[in-house]
Structures are given as structure tokens and as C-alpha cells.
Amino acid sequence: MAARPTWKGYLKISLVNIPVKVFPATDAAATLAFHQLHAECQTRIQQKRWCPTHDREVSKTEIVKGFEFEKGRYVVVDEEDFEKVRVDSTRVINLERFTDADAIDDIYLERPYYLAPDGAVAKEAFAVIREGMKGKAGIGKVALYGREYLIKIQPREKGLIMYTLRHASEIRSMNAIDELADMPEAVKPDEVKLARQVMGTFEGEIDFAAYHDDYQTGLRDIIDAKIEGREIVAPEVEAPPKVVNLMEALRKSLDTVSAKKKASVSAFSEPGRAAKKRARA
């Protein structure tokens, strides 16, 4: 199924305006969803809109949005009021600043979206801007889902990727974590060196397609088994052993990885040795 845009407008850089569409970069349908059922009869629960003052259910047409400005006191905000909020970012993403693509701390990144040109005429200008932004990121604002987001835009493959960003006020300082207050000021160099050696044995290219949600897969298996009337016995999960001696644990880790690599190389080379023996015979 083709992706549907969630926003249409213009990407603005100085005096350049390019019609663009915004698409979600993630797929929520990839995660299993559950409904609430009545345990006795397995009927799906209905969420009713109930007014305790009139002691009755109310329809959608009777519901308005209210902001609580004092305890128990509300001001009603209707659709006309929302229409009066006309910030530029409702229709225009104005990139006001540019920086290196990796200059923004990952903690600020929130949700990814793809940007594509809206119409054939916009494609050439869009391609020029994408190429001109290589290695850079543009910072601006966009109004989505009833609020204005700070955003970061940078080139990705044939298009642009946009991240909504958290504001500085939303980021909690690590100083608020009491467990980090008394961390050791110095560590043993030998332990650090050995730790880096262990990590080095696992270095390599990252292929995200090779990683899967094993929890979701297991849950799907249990659901299929229940549908088919089969029983699944959960495997026992062993608690990881406590590290008493860090150096000893690191050395054992290094020895274990080395042994596995030697076994793998040996298994790979055996067929070659056998073929050589057959050739000599």
C-alpha cells in the first residue's frame, strides 16, 4: 500500500519555496495490537462518554474541548478558536538555521518523517536543495497534530528526512538521577583496556534488517497456538550471574569469543582440507 502524506505545504529556504509532502517514516502496524474484552464472555468493551451531572451518555456532537485554568473551572475552546491560530508553520516549514548533520545530540530526536516533492514541477528544485544540504541539517518549525514542533531536516537517499525535536525544557538533566551521584571518579586502566578488547571482538557493520523483535515473534507464536488449541511451555529464563571479579569476567569473555572464532574458522576450513586430500588421492 502506498504511503499517505500526513501534511502538505512548502519547504522554505530564504526566498525559495518548494511544495512538499510529509510522510511517516515508521509503520505502527508492525506492532501487535490488543483490544479490551470482558473476561466472562469475551465481548469487546465499549468506552462510553458519560456525563455524571446529567447521569447519561452523551453523543459526540454534545462534546466540546475545555481548558482547565483553575481547579474545576474550564474555558471552552471551539473549532473557530483553533482556526484563529494561524502560525506560519501550519503551511510552511521555514528552515532558519543550518548546522552539521551530526551536530545535534540524539537525545533531542523524537519522531522521523520523510519529505518528498509535491508535484512534478517541484522535483528539480527539491533535488537541488537535497544535494546542496549534503552533510548539513536545517532547523525550523512545523505545525502537526495540534502543536508546533521544532524540526531537523537533512538529506537521505532520494529525499529528505525530518525529525521532530524535543525542546530543551523537555530534556531532564542526568544530575536528577541519584544513582549517578556517587560514580567513581577514576577507573583501573587495565580493566578499561581489557573491556575495549572484549568490545573489539564484536566490531563490524550493523545490518538493522538482521535484527527482529523476538518478543513480538514469541507473542505471535503464543497467539497462533491458542487459536489452534495448542499449548506452549515457556522456557526457563536463567538470571545472569553476578560479576564478582570484573577482570576475571572480562578475561573469560575474551577467551570464550576467541574459542568460538577458532571453532568457526576450523569448521570453515575442514571441507577445504578434505577436498585437497581427495585431489591428491
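This section describes the overall form of a predicted model and then a small number of individual residues.

The secondary structure of the protein consists of 5 helices and 12 strands. Along the principal axes, the C-alpha trace spans about 90 × 65 × 55 Å. The radius of gyration is 29 Å, whereas a compact globule of 281 residues would have a value near 19 Å. Of the 281 residues, 19% count as buried. The exposed surface amounts to about 23,400 Å², of which carbon and sulfur atoms supply 54%. Among contacts between residues at least 6 apart in sequence, 59% join residues at least 24 apart.

Charged side chains comprise 45 positive and 45 negative groups. The centres of these two sets lie 6 Å apart.

Cysteines were considered next. A disulfide is a covalent bond between the sulfur atoms of two cysteines. With a limit of 2.5 Å between cysteine sulfur atoms, the count comes to 0 disulfides. Cys41 has a relative accessible area of 45% and is therefore partly exposed. Cys51 is at 19% relative accessibility and so counts as buried, since the buried class takes in values under 20%.

Thr164 is placed in strand β12, which covers residues 159–165. Its relative accessibility is 2%, and Thr164 therefore counts as buried. Apart from neighbours within four places in sequence, Thr164 is in contact with Tyr108, Leu109, Glu110, Arg111 and Tyr113, and also with Leu144, Tyr149, Leu150 and Ile151. One of these partners, Leu144, falls at the end of strand β10 (136–144).

The loop between α2 (120–132) and β10 holds Lys134. Lys134 has a relative accessible area of 55% and is therefore exposed, the exposed class being over 50%. Lys134 and Leu32 are 102 residues apart along the chain, and their C-alpha atoms are separated by 37 Å.

Gly66 belongs to strand β5, made up of residues 65–70. With a relative accessible area of 48%, Gly66 is partly exposed. When residues up to four places away in sequence are not counted, Gly66 touches Tyr74, Val75 and Val76. Between Gly66 and Val16 the C-alpha to C-alpha distance is 40 Å, for a separation of 50 residues in sequence. Val16 itself is at the start of strand β2 (16–24).

Backbone angles were also examined. Most residues other than glycine have a negative phi. Ser14, which is not a glycine, has a positive phi of about 60°. This serine, Ser14, lies in the loop between β1 (7–13) and β2. Ser14 counts as exposed because its relative accessibility is 52%, against a threshold of over 50%.

Gln42 likewise has a positive phi, near 60°, in a residue other than glycine. The loop between β2 and β3 (50–51) contains Gln42. At a relative accessible area of 62%, Gln42 is exposed. Both Ser14 and Gln42 are thus loop residues, and each of them, Ser14 and Gln42, is in the exposed class.

Key. Residues are numbered from 1 along each chain as its sequence is written. This is a predicted model: local features need pLDDT of at least 70, side-chain atom pairs count only at pLDDT 80 or more; totals for chains, interfaces and linings use all residues. Side-chain values use heavy atoms; hydrogens and water are left out. Buried means under 20% relative accessible area, exposed over 50%, partly exposed in between (1.4 Å probe, protein chains only). Helices (H or I, at least four residues) and strands (E, at least two) are DSSP runs, numbered from the N terminus. The radius of gyration is taken over C-alpha atoms; the globule rule is 2.2 Å times the number of residues to the power 0.38. Contact means heavy atoms within 4.5 Å. Accessible areas come from the Shrake-Rupley method with a 1.4 Å probe; for residues, only the protein chains shown count as cover. Lys and Arg count as positive and Asp and Glu as negative; His and the chain ends are not counted. The place of a charge is taken as NZ of Lys, CZ of Arg, CG of Asp or CD of Glu.
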